[in-house]
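Me: I have just opened this model and would like a friendly tour. Could you take my questions one by one?

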Amino acid sequence: MLFSDGNGSLFFVETILKRIEEELPLSDSVFVFPSEVAAAWWRRTALTHTGGKVLRSDRFISWDHFKEEAFALRSDKLPVNLQSRAMFAASLLSENSPSGKLFSSLIFPEFCAFSRNFVGSLINILPRLSHFWDTPGAELIGTDLKGDLVFLTGQYEKFLELNGLYEPGTLQLKPGNLKRRYFICFPELIEDFEAFSRDLQNLSWVTILESPADLEGSLQVFDSALEEVRFVVDRIESLFSAGVPVHEIAITLPGGEAWEDLLKDTCGLRGIPITFRSGKALGSYRPVSLFRQLKDCRNQGFHIESLKSLFLSKGFPWKEDVAGKTLIDFGIRHHCTQNYKQKGKNHDLWLKKLSGDKYSSLRNFYRSFSGGIAAITDAKTFSDLRSGVQRFVNTFLDTSTLDQRALKAFQGALDLLNGLCRAEGKLKGLGPVPVMPLWLLLLQKKIYVPQDKGPGIPVFPYRVSAGIYPRYHFIPGASQDSTTVAIDPFPFLRDDEKTRLTTIENNLTDKFLTAYSRSGQSVWITSSKTSPGGPELPPPLYVAEKKTVTSVTPVSPERIPVSPEERERRLWIGEDRAVPGVYHWQKKGLSRISGTAFTPKGIDFTANQIGNDVLRNAVMASLKKDDELKISPTSLEAYWACPFSFLLQQGLSLGEEEYGEIFSDPPTEGSLMHEVLKEFFEWIKETGGGFHKSGLEAYKDKISEIFEDLTSPRERAGWDLLPPAWNTMKDQLLEYLMNFLEQEAEEFEGWEPLLLEEMLATNVDSVVLHGRIDRLSGHEGNFFLIDYKRTVKVSVADLRVEEGVLRSLQIPCYLYLLRENGWGVEGAAYYDLRKAAYKYLAKRGRKPLSSEEMNEAVEVTIQAVRDMAGQLGAGDFRIPEQDCGGCSLRGICRDRFVIRSDG
């Protein structure tokens, strides 16, 4: 019999409650709801309403449970499950190859080599095949697609028959199986109810209770998701303040995970307990995702980045992550970017670099780790895969450190693998399947719902909670997209093919919206113009019925609620000693700041000198070498760039650890350039003294010979980059050196190298100024200083003194050192390796420094040395007024982080 009423949701709910009250004493009455969530909610409601203490769980069941009772079960066969479908699909597609194409439309022939990628799609098609052929118009689809589906249906039926399996969806209603009286509630929310409604309506022992079809209430629209969630949480907070218990409130989230995060954060700040009742794919849980990352790591040749994502992650339960981090550190320092294949041969770069007794322990770890991954990814059977996974887990993981939710998800992944092993042992008529890829695919299809029933407000996904009727129901994020419920039973059809079928898409959007609009005594359905995912539109049903309301901030000041931030501010300034509604985290923050920001500070060396003699002497001792304070051009420029940064890096040896992959190595390039040119010019000195253009071809041969002699030992020692990058760098650097010879022939014909990579030193009052000279050349009594750079960024203007300030101190330091050591240098230049050009600073070039300007630059530089020595002795590392944007130590210094007070 069919029951329907249009007098509103309250009357409908009272009708259900009345029926429950009447039927519960009768042992053969059963109430059926769209989902287990709705059934469980009404089960609890029945106990509360009737005052009972105990209730059989099978008196309130879900539609799926009802179908298990109503349909004829095959005693001679078993229902096919996800694992069996997956094994069949993977096996069939393994035969779809360029040499034996099975499909012409479901998988286009040009894509048959990638058939493995279509396994998931085929799994989705299999349960729908029988329904497709029963759909009017199925015979009118395209010839190619029809042929594919006929072939697929035949193969699948053979597989099911051979293994004694059946598709549950092919069963028919058997009224004789119904031994009790059933009341089916909210049938309009059941996806496949239409397929059975005619048969059910004719059964006297089945009563169908439809809810009213009219839309109740209105949709409140906010400008942003943040405003919307705050509105919802404000109301929940007020309900808590009024003493409403948690179990009388429910939240339904149509918007998914993005809204979950926003709601979780907002409720967390207010101290409001919530419990999410939604499920996720097993593969999306962090510990389970490890297996996909292991596969990716192998496929990427143990790329340094893939190892970082494994061993630097806190989400994986490593027994000991020190070895993994040590391996990463080794890889970065030794340029182990990734293993590679060259000329058809695989090269394990890690084993090459880890050769030698020094790295035996780390090499053994890498072999064990990479071998464990290989055993998993290369498994030919699911039994082999299970063995490989068990060995890897026992060797490298400590699952006892996982929380209960993560541990259960991890166990669920292993249970799924066990199911595949059982299917592998029982199923007949199957060929080889891609073992690990199939397991990973099913991990993404298998949904795991944590049994989290803690004392919090339940938060349900949209559709799952349809049919519940709490006292207060909040449904935020109800946009056009998030509330669309369109059931497409045959997604493998093109749009033009779908039009040939009589019934193809069941759109339940309006029915769900209508049901949710009356899903509680008080219902708040809200939406935002901008959600966490971008701009949104309200559901069309509300727009069509003109039931949308745009939220407007109240204009009247007395109606504006005091925000948590304002309440906290009032408490801070003492305006109200007993401010209500200050949250636990605000009180905790106030307690902490009262013990730090509002108390006298310790010593701040960014603004004060080091006054403690012991500490100041300790810092000076760390800066000295051989009991002498030695200042180099580099340390001089570093100190004046930022004294406090100098203290951290030079005095305390602090600095950033580099954890980025390296495809180029500027320090190595610079080092090689200096070494090659030093040996080359030493050879020039030994063979004749001066550099002459006539010997250019011999010079190029010599440079090539020296370059090879210097790079080969690096390659044998394993200090080279990934071969393609290393070879590219070598070719480029050798080209730079050949260009250098050309420039040298043009610019310094006949000049003799006098000093090469020479360390010079001299005393400046109580300190030693020292520096390494790249090259000093001489010709006819003139001396010229040359400094090599990969890229020159210094200009002549940087060496001109302006208002007593000099922007570059390196060259003046070198000029002073040379003069103090008996060399009267007249000119100086940088050589730009990349641009293959000299940048002259004095004596030559455009507007070079005059002798007076050069002397003034030297005087200012030496005064900077004296000032630095004096300030170091006084413990002065104060930060000057400057831009700290390029500093890598702001996380320690924190000078740019300030607190602003409005008085």
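Me: Which residues does Trp439 touch, leaving out those up to four places away in sequence?
Reply: Happy to help, and please keep in mind that this is a predicted model. Two residues count as touching when heavy atoms lie within 4.5 Å. With residues up to four places away set aside, the partners of Trp439 are Phe291, Leu385, Val389, Ala413, Leu416, Leu417 and Leu420.

Me: Which helix gives the most residues to the largest nonpolar core?
Reply: That core has 89 residues, and Trp439 is listed with Leu152, Trp318, Trp350, Phe369, Phe382 and Leu385 as touching the most other members. The top contributor, with 10 residues, is helix α17, residues 404-426.

Me: How many residues are in the other core that lies apart from it?
Reply: In soluble globular proteins, nonpolar side chains tend to be buried together. Here a separate core includes Leu623, Leu799, Ile862 and Ala869. Its size is 56 residues.

Me: What share of the protein's residues is buried?
Reply: The chain folds into 32 helices and 29 strands. Its accessible surface comes to about 45,400 Å², with 50% belonging to carbon and sulfur atoms. Of the 903 residues, the buried share is 47%.

Me: Is Ser62 buried or exposed?
Reply: Ser62 sits in strand β3, residues 60-62. Beyond its neighbours up to four places away, Ser62 touches Val32, Phe33, Ser35, Glu36 and Ala39. Buried means under 20% relative accessible area. Because its relative accessibility is 9%, Ser62 counts as buried.

Me: Why does Glu802 count as partly exposed?
Reply: Glu802 is placed in the loop between β27 (782-789) and α30. Partly exposed covers what falls between the 20% limit for buried and the 50% limit for exposed. Glu802 counts as partly exposed because its relative accessibility is 46%.

Me: How many residues of helix α30 are buried?
Reply: Helix α30 covers residues 810-820 and is mostly covered. The buried ones are Gln810, Ile811, Pro812, Cys813, Tyr814, Leu815, Tyr816, Leu817 and Leu818. After the helix comes Gly822, with a positive phi near 90°. For α30 itself, the buried count out of 11 residues is 9.

Me: What is the volume of the largest cavity?
Reply: Rolling a probe the size of a water molecule over the atoms shows where empty space is left. Searching the whole structure finds 2 cavities of 30 Å³ or more. The largest cavity has a volume of about 90 Å³.

Me: How many nonpolar residues are in the lining of the largest cavity?
Reply: The lining includes Phe12, Val13, Ala515 and Tyr516. Both α1 (9-23) and α20 (509-517) supply at least two of the lining residues. By class, the lining has 3 polar and 1 charged residues, while the nonpolar ones number 8.

Me: How far apart in space are the C-alpha atoms of Cys893 and Ser645?
Reply: Cys893 belongs to helix α32, residues 890-893. Setting aside neighbours within four places, Cys893 is in contact with Thr606, Phe644 and Ile879. Cys893 and Ser645 are 248 residues apart in sequence, yet their C-alpha separation is 8.1 Å.

Me: Among contacts between residues at least 6 apart in sequence, what share joins residues at least 24 apart?
Reply: One pair of residues far along the chain is Glu802 and Ala857, 55 residues apart, with C-alpha atoms separated by 9.9 Å. For the protein's contacts between residues at least 6 apart, the share joining residues at least 24 apart is 75%.

Terms used: Residues numbered from 1 in each chain as written. Predicted model: local features only at pLDDT ≥ 70, side-chain atom pairs only at ≥ 80, totals over all residues. Heavy atoms only, no water. Buried < 20%, exposed > 50% of the residue type's maximum accessible area, 1.4 Å probe, protein only. Helix = DSSP H or I, 4+ residues; strand = E, 2+ residues; numbered from the N terminus. Core = buried A, V, L, I, M, F, W, Y, C linked by side-chain atoms within 4.5 Å. Areas by Shrake-Rupley, 256 points an atom, 1.4 Å probe, with all protein chains shown as cover. 1 Å grid on protein atoms, 1.4 Å probe; cavity = no way out; pocket = protein on both sides within 12 Å on 5 of 7 lines; lining within 4 Å. Points joined across faces, edges and corners; volume = space filled by probe spheres on them. Nonpolar A, V, L, I, M, F, W, Y, C, P; charged D, E, K, R; others polar.
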